[in-house]
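Here is a walk through one protein chain, from a single core position out to the surface. Keep the sequence and the coordinates open as you read.

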Amino acid sequence: MATKKFIYGIAVVKFNQKEIGYIEKGSWDWGGTKAESTDIEAEQVPDAPVLTLANKNATIAPTFNLIQLDYENIQAVLGGTLVGSTGSYTGWKAPTDLVELRGPWEIQFVSGQTMKIPNGTIMANLGGKLTLTEVSKIECQLKVNKPEEADTAPYEINDTPSD
């Protein structure tokens, strides 16, 4: 059976061409909304609409938990400032101004496909519990925005090219 008929498993998640780290097992949810439409009813046709007008396409708005919290991954999804020097950061400082982090996303699936989102905004917060039986996490929601380039799809899924 060909695996290309199925999409499963997160292999790599990238934001602005940088891997953002491990995603908590079972936390990825596609979210989003179903397509919206309006049914047009006629008095003469009591058993079904005579026309259905499409109002809005379905959307995705993935939510997931980032659990690999090295300082660079924290900054990638929360903004703020890294402390220390490149390659040997010793800390992270939360942003002092409103943060709007947007850019291209790439999600590679274990099943051999890659999803590309040319314009996504990440909304994130520190979450989870601080215990000895689980790790802290950054709870993330990825908002898929209209691409800046005309005639570009908001997201696409293709076979992952072989290296």
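In which strand does Ile 122 lie? Ile 122 lies in strand 9. Bear in mind that this is a predicted model.

Start with the surroundings of Ile 122. Its relative accessibility is 5%. Buried means under 20% relative accessible area, so Ile 122 counts as buried. Beyond its neighbours within four places in sequence, Ile 122 is in contact with Phe 15, Phe 64, Val 77, Leu 101, Trp 105, Cys 140, Gln 141 and Leu 142. Pro 62 is 60 residues away along the chain from Ile 122. The C-alpha atoms of Ile 122 and Pro 62 are nevertheless separated by 9.8 Å.

Now step back to the whole chain. The protein has 1 helix and 11 strands. Along the sequence the order reads β-β-β-β-β-α-β-β-β-β-β-β. The radius of gyration is 20 Å, while the globule rule gives 15 Å for 163 residues, so the protein is more spread out than a compact globule. A box of roughly 75 × 45 × 40 Å, taken along the principal axes, holds the C-alpha atoms.

Burial and contacts fill in the overall picture. Of the 163 residues, 27% count as buried. Take the contacts between residues at least 6 apart in sequence: 57% of them join residues at least 24 apart. The accessible surface comes to about 11,100 Å². Carbon and sulfur atoms account for 52% of that surface.

Next, the helix. Asn 73 is found in helix 1, which covers residues 71-78. Is Asn 73 buried or exposed? Asn 73 counts as buried, because its relative accessibility is 2% and the cut-off for buried is under 20%. What does its side chain reach at 3.1 Å? The side chain of Asn 73 reaches the backbone oxygen of Ile 20 at that distance. Ile 20 is also among the residues that Asn 73 touches. Leaving out residues up to four places away in sequence, the others are Lys 18, Glu 19, Gly 21, Leu 66 and Gln 68.

A second polar side chain under cover is Ser 111. Ser 111 sits in the loop between strand 8 (101-109) and strand 9 (113-127). Its relative accessibility is 3%, and Ser 111 counts as buried. The side chain of Ser 111 reaches the backbone nitrogen of Tyr 8 at 3.1 Å.

Ile 7 touches this loop residue as well. Ser 111 is one of the contacts of Ile 7 outside its neighbours within four places in sequence. The others are Phe 109, Gln 113 and Ile 157. Ile 7 is found in the segment before strand 1 (10-15). With a relative accessible area of 46%, Ile 7 is partly exposed. Ile 7 and Ile 157 are 150 residues apart along the chain. Their C-alpha atoms are separated by 9.7 Å.

Turn to the charged pairs. How many salt bridges does the count come to? The count comes to 2 salt bridges. One joins Glu 24 and Lys 137, with the closest N and O atoms 3.0 Å apart. This pair links distant parts of the chain, 113 residues apart. Glu 24 is in the loop between strand 2 (18-19) and strand 3, and Lys 137 is in strand 10 (residues 137-144). Glu 24 counts as partly exposed at 23% relative accessibility. Lys 137 is buried, at 9%.

Another salt bridge brings together the side chains of Glu 100 and Arg 102, at 2.7 Å from N to O. Glu 100 is exposed, because its relative accessible area is 56% and exposed means over 50%. Arg 102, at 37%, counts as partly exposed.

Finish on the surface. Which residues make the nonpolar surface patch of about 310 Å²? Ile 40, Val 50, Leu 51 and Leu 53 make it. Ile 40 has its place in strand 3 (residues 36-40). Why can Ile 40 belong to such a patch? Ile 40 has a relative accessible area of 32%, and patches are made of residues with over 30%, so Ile 40 passes the cut-off.

Methods
Residues numbered from 1 in each chain as written. Predicted model: local features only at pLDDT ≥ 70, side-chain atom pairs only at ≥ 80, totals over all residues. Heavy atoms only, no water. Patch = residues over 30% accessible without salt bridge, like charges linked within 9 Å, V, L, I, M, F, W, Y side chains within 5 Å. Areas by Shrake-Rupley, 256 points an atom, 1.4 Å probe, with all protein chains shown as cover. Salt bridge = Lys/Arg side-chain N within 4 Å of Asp/Glu carboxyl O. Helix = DSSP H or I, 4+ residues; strand = E, 2+ residues; numbered from the N terminus. Buried < 20%, exposed > 50% of the residue type's maximum accessible area, 1.4 Å probe, protein only. Contact = heavy atoms within 4.5 Å. Rg over C-alpha atoms; globule rule 2.2 N^0.38 Å. Polar contact = N/O pair within 3.5 Å; in protein donor to acceptor, adjacent residues only side chain to side chain.
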